[in-house]
Amino acid sequence: MNALPWLQHLITVPVLLPLLVGALLIPVNQNRHTLKFVLSLTSSVLLWLVAVALLLLADGEHWTDGIGVYLASNWAAPFGIALMVDRLAALMLVLTATIALAVLVFSAQRWDRVGVSFHSMFQFLLMGLNGAFLTNDLFNLFVFFEVMLAASYGLVLHGYNLRRIRAGMQYIAINLAASLLFLIGVALIYGATGTLNIADLTLRVTQLGAQDAWLLQVGASILALAFLTKGAMWPLGFWLPTTYASASAPVAAMLVLMTKVGVYAVLRVWLAVFGDAAGALGGFGLAALSVGGMATLAFGAIGMLASQDGGRMAGYGAIVSSGTLLAVIGHSGGAVLASGLYYLLGSTLAMAAFMLLIELTERIRPPGAALLAITMEAFAIEDKPEDPVGVGIPGSLAFLGLSFAACALVISGMPPLAGFVAKFSLFHALLASAADPAGSVPASTWVLIALMVTAGLAAIIALMRLGVRTFWAAGAITPPRLQASEALPVTALVLLCVLLTVQAGAVFDYLGRTVDGLSRSADYSARVLGEPPVLRVPAAEGAR
Amino acid sequence: MEIVIALAVGVMFGSGIWLILRPRTFQFIAGMMLMSYAVNIFIFAMGRLWVDMPPITPAAGVDPAQYADPLPQGLVLTAIVIGFATTALYLVMMIGARGLTGSDHVDGEEPR
């Protein structure tokens, strides 16, 4: 018996655990919310531990080339579905689990009680996210996208009110349409190449005839439309600010992660299929990605300046961060990828913290707000639960102000926090990769850098205005009441941003190894397609 | 047969696009259903069009050209199930929105 080493099974845990816990939570009565919360929290802690373990395994010597492969149902790739974890996937798993943990602790105070099945949907969302990071099969990616989206539909509507319904109608509609595009793209790619396994695609893309190559390009472009709708590239991202602004705070923080899944999927497919090894098709569509990214960047920056409330501003901030990533990846590909991933880490953490923070700052009531609250009560608008009662943490205003400033620094890319390190290294990598031997840099690089600087300026102006209005001009006399379980996740996320800055060297080393591994797409094909299924003990003669 | 399939997919998808651009939720969901039919047939056709060929092969010693491609059939089945579930979900949402806003406009309010 050639049994699989147990460590190998860890790869399936990020998918299976949330699925099982989510299903287990459904029959539990809503009144027993402590039990639900404890189960959900246990699952999230375990997920975090597994994600960290996978990261260490992928970065260590455990697997050849740092790529772990798990053949679902023991079918050899490309016939079955292969789950694959490499440094990039492990990094995304850790990021997801970290934010999920923070969000879950934050929601414990009151948000998980506004509607039913919050924890189940939360676990299913985690399952979809983790699955999308782990899978190595395009159709399986579609399935996990749908799991993630279905859970997010429910979560966007969590705390059912008029505003959320209106936003949800558009959010669901656009994603249903995008899912159809996803299917068309997948079908075209299958029609052209005869495979949906990403590692197998890497090999086949070089052997395609002219007609099939053309079909593959059409398919991949349509597929990219579906990914970029999630990643909110202009002009596919108009749904995002409204959805973010109307979703409840913990859900909005998780939605920040979901835009990154779109970017991740583009990265994964493009590096594997249209990488340097693809011959004539190498680098297909990157120019379009770059232009689209720049337009997204400009759109997000203008939107940030134009938005009045924090939720919308954060939504446009997420668009800016998506746009930056897409533009730099499209512009310089692998050369800037390490900096791009660092930017992704910093901006996602800060953005998630910011989403949580906005909800807390809204408790700083200006004197006129009490009247508004009464009016809203008269119209029976119950969009959020009661503010928590009981003893809050001391110095809540100072805490909110400091966290706000830290998030604003990271989002706008000002020194000294992670946002600055990320932008600086992006500029450095862009200039270093673009310069030809004569030392001149093409105009498009300058345009991109100028756009990023301008977007940073727009972000700092918008955030400063919001900060001044919230903290100084609000005229609040009584400090808002915050519970420790609400302040803790925000603090943790902000501290992680600080840690990311202090440990930038170590993080960049890891990201360097990640990008190095990603650039060798042949390794992936060899590892995934070469993974042997577990052999069964031959059945005894006559037993059949 | 190719022409008929292509026309069917094209007409259904085209009508679907027109319908999802309409302002009422019912029109939207009808459009989505038409589009998902079109997509399902499209996926099916991507396994090439066959007539009278079984998708399941016996154990060994066969010419694969004599059998239909079973994978798109599996894909279509999954796509149908997922499409069905998400359509049902939107239907629930649509009824909820109708009840809460008193309007079946996709913006949740009548245009002024």
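**Exercise 1. Describe the area buried between chain B and chain A, and its polar links.**

Solution.
Step 1. About 2,600 Å² is buried between chain B and chain A; buried area is the accessible area (1.4 Å probe) that the two parts lose on being put together, summed over both. Carbon and sulfur atoms give 82% of this area.
Step 2. Search for salt bridges (a side-chain nitrogen of Lys or Arg within 4 Å of a carboxyl oxygen of Asp or Glu). The rule finds zero across this interface.
Step 3. Search for polar contacts (N or O atoms within 3.5 Å, one able to donate a hydrogen and the other to accept it; residues adjacent in sequence count only if both atoms are side-chain atoms). One residue pair qualifies, both at pLDDT 80 or more.

The model is predicted: local features need pLDDT of at least 70, side-chain atom pairs count only at pLDDT 80 or more, and totals for chains, interfaces and linings use all residues. Residues are numbered from 1 along each chain as its sequence is written, chains are lettered from A in the order in which they are written, and side-chain values use heavy atoms, without hydrogens and water.

**Exercise 2. Which residues line the second largest cavity?**

Solution.
Step 1. A cavity is a set of points on a 1 Å grid where a 1.4 Å probe fits but cannot get out; lining residues have an atom within 4 Å of a point.
Step 2. This cavity holds about 110 Å³ of space, a volume filled by probe spheres set on the points.
Step 3. Its lining includes Met84(A), Asn136(A), Arg268(A) and Tyr524(A).

How values were computed:
1 Å grid on protein atoms, 1.4 Å probe; cavity = no way out; pocket = protein on both sides within 12 Å on 5 of 7 lines; lining within 4 Å.
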